[in-house]
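This report describes how helices pack and how strands pair in one protein chain. The model is shown first, and the description follows.

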Amino acid sequence: MASLTLYGYYRSSCSARLRIALDLKAIEYKPVYVNLNNGEHFREEYNAKNPSRSVPTLMVDDAWCIPQSMAALEYLEEAYPESTSLLPADAKSRADVRTLSEIIVTDTQPPTNDTLMKRAESAGADHLAWAQFFTERGLKAFEGVVSKTAGKYCCGDMITLADVCLVPALWNAEKFKVAIEAFPTVCRIYGALKEHPSFKKSHWQNQPDCPEELR
């Protein structure tokens, strides 16, 4: 099997997606911590691995890098078919999973990225109000879809990539003081997932690079 190295940051929701998926699939990997506060993602050594200078980066066999979380998640599905699948068997359900995942990955998380929020704040925006607006907008769209697809989890009764993407976004929602009770299906699913061992283990406060005062 390939040797995997995950470059990530404790508070990055994109990094958390990979941590959760790797644990659910029981795939071994080496974690490497990239301190965004110290600008380690801007170093040339890291830029060679990830030209976007973002996290996470999944390195395969110390030779090839996947610098985007969703591409890395899809890779794990295809490269480790014997592991727990995070995509349903049928095409319709897979499309539902991907729709929900993209609502988080494309519509919700990017506007609340630290770099974009700092840019908005420099232009006079209130960073918390900014983050709340885009988080609430995204979760409202997510609720509209997931209320039709949910079972115990986002799509039926199996954990999928939609759940893997949702939970880190809800960790961010808590940081931004968004009341997720306004989204009842999301809230119910979160209640089930946050007690799951893989999600608890992958929580940002349980990462070795999380500062002790934030644990």
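## Helix packing and sheet order

In this predicted model, helix α1 (residues 13-24) packs on helix α7 (residues 161-175) at an angle of about 135°, and their axes lie 9 Å apart. Angles over 145 degrees would count as roughly antiparallel, and 65 to 115 as roughly perpendicular. The pair α1 and α7 is therefore oblique. Its crossing is right-handed.

Which residues of α1 and α7 make the contact? From α1 come Ser13, Ala16, Arg17, Ile20, Ala21 and Leu24. From α7 come Val164, Cys165, Pro168, Trp171 and Asn172. By class, the contact of α1 with α7 holds 8 nonpolar, 2 polar and 1 charged residues.

A second helix pair is α5 (residues 114-122) with α6 (residues 127-149). The angle here is about 130°, with the axes 9 Å apart. That value makes α5 oblique to α6. The crossing of α5 and α6 is right-handed. On the α5 side, Leu116, Met117, Ala120 and Glu121 take part. They meet His127, Trp130 and Ala131 of α6. This contact of α5 with α6 divides into 5 nonpolar, 1 polar and 1 charged residues.

The table sets out the two packings.

| Helix pair | Angle | Axis distance |
|---|---|---|
| α1 (13-24) and α7 (161-175) | about 135° | 9 Å |
| α5 (114-122) and α6 (127-149) | about 130° | 9 Å |

Next comes the sheet. It is open and has 4 strands, in the order β2-β1-β3-β4, with mixed pairing. Which strands stand at the edges? They are β2 (30-33) and β4 (64-66). Each has a single partner strand, so one side of each is left without a neighbour in the sheet. From one strand to the next, the twist averages 25°.

Within the sheet, β1 (residues 4-8) pairs with β3 (residues 57-60). The sense is antiparallel, and the pairing runs over 4 bridges. Tyr7 has Thr57 in β3 as its bridge partner.

The record adds one annotation. UniProt, in an unreviewed entry, places the feature "domain: GST N-terminal" at residues 2-84. In the model, the end C-alpha atoms of residues 2-84 are 17 Å apart. The span 2-84 is 33% helix and 19% strand.

Technical notes:
Residues numbered from 1 in each chain as written. Predicted model: local features only at pLDDT ≥ 70, side-chain atom pairs only at ≥ 80, totals over all residues. Heavy atoms only, no water. Axes fitted to C-alpha atoms, helices over the stretch in contact; angles between N-to-C directions. Helix = DSSP H or I, 4+ residues; strand = E, 2+ residues; numbered from the N terminus. Parallel < 35°, antiparallel > 145°, perpendicular 65-115°, else oblique. Left-handed = near helix turned anticlockwise from the far one by under 90°. Contact = heavy atoms within 4.5 Å. Nonpolar A, V, L, I, M, F, W, Y, C, P; charged D, E, K, R; others polar. Pairing = 2+ DSSP bridges. UniProt positions renumbered as here; feature names shortened; annotations may be inferred.
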